[in-house]
Amino acid sequence: MNGMNRKRVRGVSVHVILMLGVVISVFPFYWIVVMATNTSQDIYSYPPKLWFGDNLLTNIQHLFDRMDFFGALSNTMIVAVCTTVLVLFFDSLAAFAFAKYDFPGKKFFFGLLLSMYLLPTQLAIIPQYEIMVQLGWLGTLKALIVPAAANAFGIFWMRQYTTTSVPDELLDAARIEGAGFFRLYWHVVLPCVRPALAFLGIYTFIAAWNDYILPLVMLVNPDKLTLQVALAQLYAGHSTDYSMVMAGVLLSVIPLVLMFTFFARGFIADATKGALR
Amino acid sequence: MDLSRRRFLQAAVLTAAAAGATAACGGGSGSSGSKDSKDLALWYWSGGLSDKVVADAKTHFSDITLKTSVVGGDFKTKLLTGLRSAQAAPDITGIKGEDIASFLPNANRFIDLKTVGADKLVPDYLAWKLKQATTQDGKLIGFPIDIGPCATFYREDLFAQAGLPTDPAQVSAQLATWDDYFAAGVELHKAVPKTFLINNIGSVFGMIVGQGTRRFIDEDNKFIGDQDHIRTAWTTAVKPYTLGIDAKINDNTWNAAISGGTLGTEIGAAWHALDISNAAPGTKGKWRVASLPGGPSNLGGSFLAIPATSGNPDEAFKIISWILSPENQARGFTDAALFPTAPAAYKLPALTGGDAFFGGQKTIEIFGPAAEKIPSAYEAPADAAVSAPFYSELTSIEAKGKDPDEAWKDAVSQAKQIAERQGVK
Amino acid sequence: MSSTPVAGPAPTGPTSGPGSGPTGQPSPDRSRGPGRRAPRFRPVSAGTRPGPSRRVARHWPQYLAISPYYLIFSVFMLFPVLYTVFLAFQKWDGIGDMQFVGFQQFRFLWDDPIFWLSVRNTLVIWVLSTVPMLFMALVLAVLVNSTKRFTAFYRVALFIPSITSLVAIAIFFGAIFSNNFGLINAILKSLHVSAVPWMSNEWTIKLVIATLMTWQWTGYNAIIYLAGLQAIPSEVYEAARMDGAGPARIFFSITIPLLRPIILFTVVVSTVTGLQSFTEPQVLFGSEAATNPNSGGPGQAGLTTLLYFYHQAFDNNDFGYAAAIVWAFFLLILLIVLVNWRLVQRKERRP
């Protein structure tokens, strides 16, 4: 009886602590909504308003007056979608070659891939900027998409998955029917690695959506910004209209959080696998 | 969590199409050799031009499609990066007053405005302001939008509460020196404890430096930031901190401070009036303007320039000279608190009238005389970079209570190092 | 911390990963994939050995398949990284001509107190964030692992911060830690504690940035630890319990040692990302654009090294100096990662 009780108390306290963690994790989203639905004067006042107000539409109206929100949104979408599709294609193709073939120089190339892992992008950013100037890509979305179109992490991750999940028997069978490398890739490999692609896709999409330093440097044209850069600019300058900025924060965070909660379970499982490999 | 192959293929094709389209667009809009483009892009920053005048310019030049962009964030950085690429660069751009000097060494990146018609207009504009945008070999790279004659903005109601003078003429007379001004601040803070005199000590420092005729680097490209004129400005600027009348605002909360009555005064240029009225619409009628302690100073005051890659320099200058005509400058003053650079505008009713935000005060009575007596100082290209450590060290005093003398030493040694890096002797 | 929401796999090779490490902890995907044990597929008959050039030629599809990455990598990463080395020996304003100056930029760097201040700031922020972050993550992971209810919910809720945009979160933290208003000071006021000027004090600025990073990455690390915990076979625990070990003893002498490879991974990733903090101070203190852009706030307390690099490159257009800064900093990161690595590895050998 006593032991049962103690066990129960411990069980409850575990959930109490975990719920505290959850509350801290999600509280900012609640508070962003509170700030975005009240006026700036409400935000400045004491005691602060703790519940949603009815000023959201006005704030959004101010936001749209100050920035081309849908322009920035569509720029962000274009960058994220293009990057994701290119990464999925290039990475899975390269991964197939690495996973199932032996070719001269393979070890060297793969070693290069691994050693480049921790190289920070900032090390390359000044010359990258110069290259974009020379190519005439400065201020265009290409300057963001092309350098990100294939990456070491994706190849590495897809190679792992391809090695284990594409049966060699299947490849052999298709080869006997005369399929070459690219047909094997298209008809045998792609169907087998879909779950891994889905994870890599979401991962790439989120990274591209949230990227800040590269768009900050490359997108010099004020009417071609991504959401992150546009938001940061809205906030900069000492006359910040907080409720308007928070409306922008809210609108920029919503799509990603929705997408994430939709895919969450599989994504988290895959993300941790990536870490454990 | 599945991605079908057909979807994948569709997406890939779409991407390829999108990429192709972007490439086509990118190639198409590049400035070709001809200089008669009818699509012109104008960059400025929020409050840099009167939005009303800009809107009218679009209708006035009906054969030109004028695309305007209000650039947020750090304007100079954006412009510098934009200038590197013909596709990205605007056809007309604003340049902030504090940045103009740093663009002079790269004057070849801009059209010499004297070649597109500015030579005829030069006599109508303030000579000292034009000089700021003129290279040593006489090229004019910027046409002045406004100047920043400085003044003290103060809360009449709070001054009354503290028993201080409230009439602008009296305030100007009694707060004539920086010490008088700080003494008034102490009284104000005593009477209204939540109210401070100044925003931060960096603003005082900048103001006092602007009252002098020498800055951080002299005409012989020699560093003079360690000399007495800067040291005096520093010592004076630190006083309000020691007196406890410094609000120490160095973040984005100035907006809240100004509307919440944390700040009893603001020292700033004429254009600063717009910042105040935007941030604190609820304080309308409570503010007044008085002369700056210690004499006139200039802060900022911007220019319009035409990058060398501009699609149509002649038409671009026509637009500039229209936007900056005395009549439109007068409208800019009412709409965006841009103080005109064409003296002819000073006699127009827009300037001589009262301003409701300042309780109907005729602010020209303060700014007009200040504008006439602005000291002209040589500003070297590296001036902004070299002065940066002084401002940073002033915030160090505010943020960590650093000893002002130590902060001064550190500021000077850092400034010397930056000067060396920038090729200043 | 850059925008990467999810860190990649451990930087060890695929065959020397934690799964086959000395602890013998099974990798969760070991049993997956039907063809795992099958011999490797070789489309080229390995018996006949054609000349090297023909072997290369025969593999053109594979080279074609891997070429996009290496092409992009060479143009946009390898060449730029090397070019940055070259730039570090030049004086260049980005518009005019370059001028070779030898080691002068590095001499400047050595004598530049602001560079060292930025390094100090970066290290302090990193320690202030990483230590509590990894500790709390471990606690949360053990707690989630100890229960069977709501675990899916906990995972999602704890993971959400790591996918949220850093710009949005920086703005949010700027608002709630504001000096003149802001939730935190409002709470302090209601508790009759005097308001703290969070955004204008040397230490609280660092604390705010570190709190931001902790908020964003604790859940992510907890989920990773959780996966590691779940991979520990329950027999190990049962055996220990049979031997009479208490929960604390089990935690310290079984859980922690078995988790060591994963802890190493999280330490390395948090080090690399934590030392690269840039967006937080850039967004929080980008406001003084008029006099002093990107200087890292009051007292330059939020000036991280990457922000200083950005400032020199894109505000002062001193590209040579910026290149020297970023290279020196990269070597510093490398050094710290190696030290970390050695520390954790040595502990591993002791028992």
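**Close-up views of chains A, B and C**

**View 1. Chain B comes in two domains, and each one is built from two stretches of the chain.** Domain 1 of chain B covers 38-147 + 301-347, while domain 2 of chain B covers 150-297 + 364-421. Keep in mind for this and every other view that the model is predicted. Going by C-alpha atoms, the centres of domain 1 and domain 2 of chain B sit 28 Å apart. Where the two meet, 16 residues of domain 1 of chain B are in contact with 15 residues of domain 2 of chain B. On the domain 1 side of that contact, α4 (100-103) and α6 (127-132) of chain B each chip in at least two residues. Sorted by class, this domain 1 side of chain B has 10 nonpolar, three polar and three charged residues.

**View 2. Here is chain B as a whole, with its 19 helices and eight strands.** Chain B has a radius of gyration of 24 Å, close to the 22 Å that the globule rule gives for 425 residues, so it is as compact as a globular protein of that length. If you box in the C-alpha trace of chain B along its principal axes, the span comes to about 75 × 55 × 55 Å.

**View 3. Two helices of chain B, α18 (residues 383-400) and α19 (residues 404-421), pack with their axes 8 Å apart.** How do α18(B) and α19(B) run relative to each other? The angle between α18(B) and α19(B) is about 155°, and they are therefore roughly antiparallel to each other. The crossing of α18(B) and α19(B) is right-handed. On the α18(B) side, look for A385(B), V386(B), P389(B), F390(B), E393(B), S396(B) and I397(B). They meet a set of residues in α19(B), among them P404(B), A407(B), D410(B), A411(B) and Q414(B). Further residues that α19(B) brings to this contact include A415(B), I418(B) and A419(B). Split by class, the contact of α18(B) with α19(B) has 11 nonpolar, two polar and two charged residues.

**View 4. Chain A is helices and no strands: 14 of the former, zero of the latter.** Walk along chain A from the N terminus and the elements read α-α-α-α-α-α-α-α-α-α-α-α-α-α. What radius of gyration does chain A have? The value for chain A is 24 Å, whereas a compact globule of 277 residues would have one near 19 Å. Taken along the principal axes, the C-alpha atoms of chain A fill a box of roughly 75 × 75 × 35 Å.

**View 5. Chain A also splits into two domains, domain 1 (1-54) and domain 2 (64-276).** The centres of domain 1 and domain 2 of chain A are 34 Å apart, again taken over C-alpha atoms. Eight residues from domain 1 of chain A and seven residues from domain 2 of chain A make up the contact. Which elements give two or more residues to the domain 1 side? For chain A, these are α1 (2-37) and α2 (40-44). The biggest giver on that side is α1(A), with four residues. As for classes, the side of domain 1 of chain A that touches domain 2 has five nonpolar, three polar and no charged residues.

**View 6. Over in chain C, helix α4 (residues 113-145) crosses helix α10 (residues 247-275) at roughly 145°.** The axes of α4(C) and α10(C) come within 9 Å, and their crossing is right-handed. From α4(C), the residues to find are T122(C), W126(C), S129(C), T130(C), M133(C) and L134(C). Their partners in α10(C) are T266(C), V267(C), S270(C), G274(C) and L275(C). By class, the α4(C) and α10(C) contact has five nonpolar, six polar and no charged residues.

**View 7. Helix α4 of chain C also packs with helix α8 (residues 202-230) of chain C, their axes 6 Å apart.** The angle between α4(C) and α8(C) is about 35°. Is the crossing of α4(C) and α8(C) left-handed or right-handed? The crossing of this pair, α4(C) and α8(C), is right-handed. The contact of α4(C) with α8(C) has 22 nonpolar residues, seven polar and one charged.

Notes:
Residues numbered from 1 in each chain as written. Chains lettered and ligands numbered in written order. Predicted model: local features only at pLDDT ≥ 70, side-chain atom pairs only at ≥ 80, totals over all residues. Domains from an automatic or database assignment. Nonpolar A, V, L, I, M, F, W, Y, C, P; charged D, E, K, R; others polar. Axes fitted to C-alpha atoms, helices over the stretch in contact; angles between N-to-C directions. Parallel < 35°, antiparallel > 145°, perpendicular 65-115°, else oblique. Left-handed = near helix turned anticlockwise from the far one by under 90°. Rg over C-alpha atoms; globule rule 2.2 N^0.38 Å.
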